Amino acid sequence: MAARRRGRNGESTVPEVNLVPMMDVLMSVLTFFIIISMSLSSQSILTVEAPDAEGAADSTETPTVSPFVIGLNADGEVLISDQPVDQVTLSNAMREYYTENPEGYIRLKADRQLEYRDVSNMLITLRDLGGGRVALAYE
C-alpha cells in the first residue's frame, strides 16, 4: 500500500484545490471583455461605397494627354527634347503646350545627382511660369 500523509490528529489529509482565486481571475477577464465590446460597439463604423462602373468603358476610349517633359540635368541645365534652353524659351514652350492641351501636365525629369534645393527651385520656377500641374520624375 501507498503511504499516506497523516495530519496532526493522525487523519489523512487530501490536498484540495481552492477555486475562489481562479474564479476571481476568470470574472475579471470576462468583465474586461464585456467592457471592451461595449465600448467598441458604441463607435460608429465608417462605410465607404465604391463608385459605379458605368463610365468605365467610356474612359478607355478617350485618349490620355501626353505630358510635356522638361529635363533638369546634373549641371542644372533645363532641357526640352534633350536640348538646353533658357527661361524665355521654356516659358514659350509651356505656353504653347497649355494652349494645345488645357488638361495637360508637365513632367519634370530631374537627375538623381541634383540636390533637393535645385529641384525645388525648378519646381517653383515652373509654377511661376504657369505650370500648376507638375509631376516629378528622376533618373
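Helices and strands here are DSSP runs, numbered from the N terminus. With that in hand, Ala74 is easy to place: the loop between β1 (68–72) and β2 (78–80) holds it. Keep in mind that this is a predicted model. The protein has four helices and five strands, and helix α3 (87–100) is one of the elements that feed its largest nonpolar core.

**The overall picture**

- Going along the sequence, you meet the elements in the order α-α-β-β-β-α-β-α-β.
- Of the 139 residues in the protein, 17% are buried.
- The accessible surface adds up to about 11,800 Å², and carbon and sulfur atoms own 55% of that.
- If you take the contacts with a separation of 6 or more, 67% of them join residues 24 or more positions apart.

**Around Ala74**

- Ala74 has a relative accessible area of 42%, which falls between the 20% limit for buried and the 50% limit for exposed, so Ala74 counts as partly exposed.
- Leaving out residues up to four places away in sequence, Ala74 touches Asp111, Gln113 and Leu114.
- Arg112 sits 38 residues from Ala74 along the chain, yet their C-alpha atoms are separated by 7.6 Å.

**The nonpolar core**

- As a general point, nonpolar side chains in soluble globular proteins tend to be buried together.
- In this model the largest nonpolar core has 17 residues, and the members that touch the most others are Phe68, Ile70, Leu90, Met94, Met122 and Leu126.
- At least two residues of this core come from each of β1, β2, α3, β4 (106–110) and α4 (116–128).
- Helix α3 makes the largest contribution, with five residues.
- Ile70 has plenty of company: setting aside residues up to four places away in sequence, its contacts include Val78 and Leu79, Leu90 and Met94, Ile106 and Leu108, and Met122 and Leu126.

**Helix α3, inside and out**

- With 14 residues at 1.5 Å each, counting one less than the number of residues, α3 should span 20 Å; its end C-alpha atoms are 20 Å apart, so the two agree.
- Which residues of α3 are buried? They are Leu90, Ser91, Ala93, Met94, Tyr97 and Tyr98.
- Looking down the helix axis, those buried residues of α3 fall within an arc of 165 degrees, so they line one face of the helix.
- That buried set packs against β1, β2, β4 and α4.
- On the face of α3 turned away from the buried side you'll find the exposed residues Val88, Arg95, Glu96, Thr99 and Glu100.

**Aromatic rings**

- There are three aromatic pairs in the structure.
- In one of them, Phe32 and Phe33 have ring centres 5.5 Å apart and planes at 70 degrees; anything over 60 counts as edge-to-face, so that is what this pair is.
- Phe32 is partly exposed at a relative accessible area of 48%, while Phe33 is exposed at 52%.
- Phe68 and Tyr97 also pair up, this time stacked, at 5.3 Å centre to centre with 25 degrees between the planes.
- The Phe68 and Tyr97 pair ties together distant parts of the chain, 29 residues apart, with Phe68 in strand β1 and Tyr97 in helix α3.
- Buried or exposed, what are Phe68 and Tyr97? Both are buried.
- Tyr98 joins Phe68 and Tyr97 in one aromatic cluster.

Methods. Residues numbered from 1 in each chain as written. Predicted model: local features only at pLDDT ≥ 70, side-chain atom pairs only at ≥ 80, totals over all residues. Heavy atoms only, no water. Buried < 20%, exposed > 50% of the residue type's maximum accessible area, 1.4 Å probe, protein only. Contact = heavy atoms within 4.5 Å. Areas by Shrake-Rupley, 256 points an atom, 1.4 Å probe, with all protein chains shown as cover. Core = buried A, V, L, I, M, F, W, Y, C linked by side-chain atoms within 4.5 Å. Arc of directions from axis to C-beta. Phe/Tyr/Trp six-rings, centres within 6.5 Å; stacked < 30°, edge-to-face > 60°.
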